[in-house]
Structures are given as C-alpha cells and as structure tokens.
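The following exercises are to be worked with the sequence and the three-dimensional model in view. Each task is followed by a solution in steps.

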Amino acid sequence: MSAKSVLLEPQHLLDPTLEHTLIVVKPDGYARGLTGEILRRIEAKGYTIKGLKLMIASRELLAEHYADHKDKPFFEGLLEFMSSGPVVAIIVEGQRVVEGMRVLMGSTDPTTAPAGTIRGDLGRAWNSPHMENLIHGSDSVDNATREISLWFPEIY
C-alpha cells in the first residue's frame, strides 16, 4: 500500500495563530475500526482536521519519528508493531491543541487511562511485548512541527 495524502487545505492556509499537532491512529486502532470514532472525538472537541493520510509507515520513517527511543530495549518491537499494518496520520489544528490532544488521548497505559479519554474508553492492555494504545500524539509544539514534517513532507 503506497501512501495517499489528502490535504484539506494548502499548508499556507494553516492558521499561524493556532497550534498544530500530529496524531497517528496506530495499527491496533485502525485494525479495530476505531479511526472514525477517534476522528469524531477530535472534531467534537472543536479541533480541525487539516491533513489525513492512510499508510503503512516504513521502518525508516518510524526510526526517524521515534529516534529519541533508539537506545531503549523496546525500540525494535515498537518499529515492528508500528509497521505491522495501516496507520492514519492526522494534522490537527486548534488553540493549545498539543496539550488538549494529550488530555483527550489519556495516559499511555490504557488500563489506567481515565474514563472519557480515547485510551481510557477504547483501549485495553494486550498480552504484547509493546504498548498497543491506539493513538500517538505529539508531546510538544516543537515535536509536533518535527513530526508533521516527517509524516507530511509534501506541505513543507
């Protein structure tokens, strides 16, 4: 499957007064048919979807994306999991969207993520060597910019 990109607005129309973040529906979320529910929750919060891409991420892209974790013991398993099936990469725009999406996603452990969050309501622990927690979200504005440029190089 090659990546197909749908940019709803050209990059120059992204509102420079608002933040942007990268959200990735992981292979477990896509396989479970939760992409629509995740998108619904993002839009219900009042954020705007500015880019959407369904793809199977290459190991090269994932290695660059997760470069901060390259020396950690879970790195190879993470790359294997994230390249195991389709993912949906999303550019989301909004006021304080990085912080807001982190709250909306919930903590990384789906067993202890609060009810009302994506991970708390839809995730569960799997007997797996890697964390299957449905969704990735940028953890800072700087990382969001870096991650968006990796996943959506056509807009930069």
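## Exercise 1: The surroundings of His-65

Task: In this predicted model, determine which residues His-65 is in contact with, leaving aside its neighbours within four places in sequence, and decide whether His-65 is buried or exposed.

Solution.
Step 1. Apart from neighbours within four places in sequence, His-65 is in contact with Leu-22, His-136, Arg-146, Glu-147, Leu-150 and Trp-151.
Step 2. His-65 belongs to helix 3, which spans residues 59–65.
Step 3. The relative accessible area of His-65 is 4%. Buried means under 20%, so His-65 is classed as buried.

## Exercise 2: The pairing of strand 2

Task: Establish which sense strand 2 takes in pairing with strand 4 and with strand 5, and how many residues of strand 2 are buried.

Solution.
Step 1. Strand 2 pairs with strand 4 (residues 87–94) in the antiparallel sense, over 7 bridges. Within this pairing, Glu-19 stands opposite Gly-94 of strand 4.
Step 2. Strand 2 also pairs with strand 5 (residues 135–137) in the antiparallel sense, here over 3 bridges. Val-24 has His-136 in strand 5 as its bridge partner. His-136 is also one of the contacts of His-65.
Step 3. Of the 7 residues of strand 2 (residues 19–25), 6 are buried, so the strand is largely enclosed by the rest of the structure.

## Exercise 3: The buried side of helix 5

Task: Identify the buried residues of helix 5, state what arc they cover around the axis, and find which elements they pack against.

Solution.
Step 1. In helix 5 (residues 97–105), the buried residues are Val-97, Val-98, Gly-100, Met-101, Leu-104 and Met-105.
Step 2. Around the axis they cover an arc of only 165°, and therefore lie on the same side of helix 5. In general, an α-helix has 3.6 residues a turn, so residues three or four places apart point the same way.
Step 3. The buried residues of helix 5 pack against strand 2, strand 4 and strand 5, and against helix 2 (35–44), helix 6 (118–122) and helix 7 (141–151).
Step 4. The backbone at the two ends may now be inspected. Arg-96, in the loop between strand 4 and helix 5, has a positive phi of about 50° although it is not a glycine. Just after helix 5, Gly-106 takes a positive phi of about 90°.

## Exercise 4: Two annotated arginines

Task: Find which residues the UniProt annotation "binding site" covers, and decide whether Arg-102 is buried, partly exposed or exposed and whether Arg-119 is buried or exposed.

Solution.
Step 1. The unreviewed UniProt entry annotates Lys-26, Phe-74, Arg-102, Thr-108, Arg-119 and Asn-133 as "binding site". From this set, the lining of the largest pocket takes in Lys-26, Phe-74, Arg-102, Thr-108, Arg-119 and Asn-133.
Step 2. Arg-102 is located in helix 5. With a relative accessible area of 36%, Arg-102 is partly exposed. Not counting residues up to four places away in sequence, Arg-102 touches Gly-137, Ser-138 and Asp-139.
Step 3. Arg-119 is located in helix 6. Its relative accessible area is 4%, so Arg-119 is buried. Among the residues that Arg-119 touches, not counting those up to four places away in sequence, are Thr-108, Asn-133 and Leu-134.
Step 4. Leu-134 lies in the loop between helix 6 and strand 5. Leu-134 is buried, with a relative accessible area of 1%, and its phi is near 75°, a positive value in a residue other than glycine.

Conventions. Residues are numbered from 1 along each chain as its sequence is written. This is a predicted model: local features need pLDDT of at least 70, side-chain atom pairs count only at pLDDT 80 or more; totals for chains, interfaces and linings use all residues. Side-chain values use heavy atoms; hydrogens and water are left out. Helices (H or I, at least four residues) and strands (E, at least two) are DSSP runs, numbered from the N terminus. Buried means under 20% relative accessible area, exposed over 50%, partly exposed in between (1.4 Å probe, protein chains only). Contact means heavy atoms within 4.5 Å. Two strands pair if DSSP finds at least two bridges between them. The arc is that of the directions from the helix axis to the C-beta atoms. UniProt positions are given in the numbering used here, feature names are shortened, and annotations may be inferred rather than shown by experiment. On a 1 Å grid over the protein atoms alone, a cavity is a set of points where a 1.4 Å probe fits but cannot get out, and a pocket is an open set with protein on both sides within 12 Å along at least five of seven lines; lining residues have an atom within 4 Å of a point.
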